[in-house]
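Welcome, and please open the structure in your viewer with the cartoon and side chains switched on. We will go from stop to stop, with something to select at each one.

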Amino acid sequence: MEIIISEDALNWFQQEMETVNGETVRFFVRYGGSSKLQPGFSLGVTKDEPLEATVQTTHDGVLFFIEQSDVWYFDGHNLLVSVNDELNELAYDYEKAGN
């Protein structure tokens, strides 16, 4: 499983969340909302320190990660992070890992 972040999403993180070198950003599962993978759950994002980061990637010195406790949500899929230009917010898509 991988976290794949587009260039426009990296810019979004820098502008909207004011991420800088050395910070850490967590993708986490929350109850409610809608998802292509898990009905009744959705994905959130916050600045947070890793405890048991199982999946991670680093861009421009910022660590993006998913905790072990949230891996079930992805059901063997990679997380693709981009930006919905119309709404100027993050957009999440998923592809089966290994494809």
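Which residue stands opposite Leu63 in β5? Select both partners: Thr24 stands opposite Leu63. Keep in mind throughout that you are looking at a predicted model.

**Stop 1: strand β5 and its partners**

Select residues 62-67, which make up β5. Thr24 belongs to strand β2, residues 24-31, and this strand pairs with β5 in the parallel sense over three bridges. Now add residues 53-59, strand β4. Here the pairing with β5 is antiparallel and runs over six bridges. To see one matched position, pick Thr57, which has Phe64 of β5 opposite.

β4 and β5 are also the two arms of a hairpin, with two residues between them. Click on Asp60 in that turn: its phi is positive, about 50°.

Is β5 buried or exposed? Six of its six residues are buried, so the strand is largely enclosed by the rest of the structure. Show the side chains and look along the strand. In a regular strand, side chains alternate between the two faces of the sheet. In β5, Val62, Phe64 and Ile66 point one way, while Leu63, Phe65 and Glu67 point the other way. Note that Glu67 is among the buried residues here.

**Stop 2: Val55 in β4**

Stay with β4 and select Val55, which is found in this strand. Val55 counts as buried because its relative accessibility is 7%, and the cut-off for buried is under 20%. What is Val55 in contact with, once its neighbours within four places in sequence are left aside? The list is Met1, Glu2, Ile3, Phe64, Phe65 and Ile66. For a distance to try in the viewer, draw a line from the C-alpha of Val55 to that of Ser34: they are 21 residues apart along the chain and separated by 22 Å.

**Stop 3: the cavity**

Rolling a probe the size of a water molecule over the atoms shows where empty space is left. How many cavities of 30 Å³ or more does the structure hold? There is one, and about 40 Å³ of space lies in the largest cavity. To find the largest cavity, select its lining: Leu10, Phe13, Gln14, Thr19, His59, Asp60, Val62 and Phe64. The elements that give two or more residues to this lining are α1 (7-16) and β5 (62-67). The largest share, three residues, comes from α1. Colour the lining by class and you will find four nonpolar, three polar and one charged residues.

You have already met some of these residues: Asp60 sits in the hairpin turn between β4 and β5, and Val62 and Phe64 point one way from β5.

**Stop 4: Glu18, after α1**

Next, select Glu18 in the loop between α1 and β2. Is Glu18 buried or exposed? At 58% relative accessibility, Glu18 counts as exposed, because the cut-off for exposed is over 50%. Leaving aside neighbours within four places in sequence, Glu18 is in contact with Phe13, Glu23 and Lys47. Phe13 is one of the residues lining the largest cavity. Glu18 and Val62 are 44 residues apart in sequence, and their C-alpha atoms are 11 Å apart in space.

**Stop 5: the three-stranded sheet**

Finally, select β1 (residues 3-5) and β6 (residues 77-84), then add β7 (residues 89-96). These three strands form an open sheet in the order β1-β6-β7, with mixed pairing. The edge strands are β1 and β7, each of which pairs on one side only. From one strand to the next, the twist averages 25°.

β1 and β6 pair in the parallel sense over three bridges; for a position to check, Ile5 stands opposite Val81 in β6. β6 and β7 run antiparallel and are joined by eight bridges, with Val83 and Leu90 as bridge partners. The two strands form a hairpin with four residues between them. In its turn, Asn88 has a positive phi of about 50°.

To finish, bring α1 back into view. α1 lies across β1, β6 and β7, running at about 65° to β6.

Note on methods: Residues numbered from 1 in each chain as written. Predicted model: local features only at pLDDT ≥ 70, side-chain atom pairs only at ≥ 80, totals over all residues. Heavy atoms only, no water. 1 Å grid on protein atoms, 1.4 Å probe; cavity = no way out; pocket = protein on both sides within 12 Å on 5 of 7 lines; lining within 4 Å. Points joined across faces, edges and corners; volume = space filled by probe spheres on them. Nonpolar A, V, L, I, M, F, W, Y, C, P; charged D, E, K, R; others polar. Pairing = 2+ DSSP bridges. Axes fitted to C-alpha atoms, helices over the stretch in contact; angles between N-to-C directions. Contact = heavy atoms within 4.5 Å. Buried < 20%, exposed > 50% of the residue type's maximum accessible area, 1.4 Å probe, protein only.
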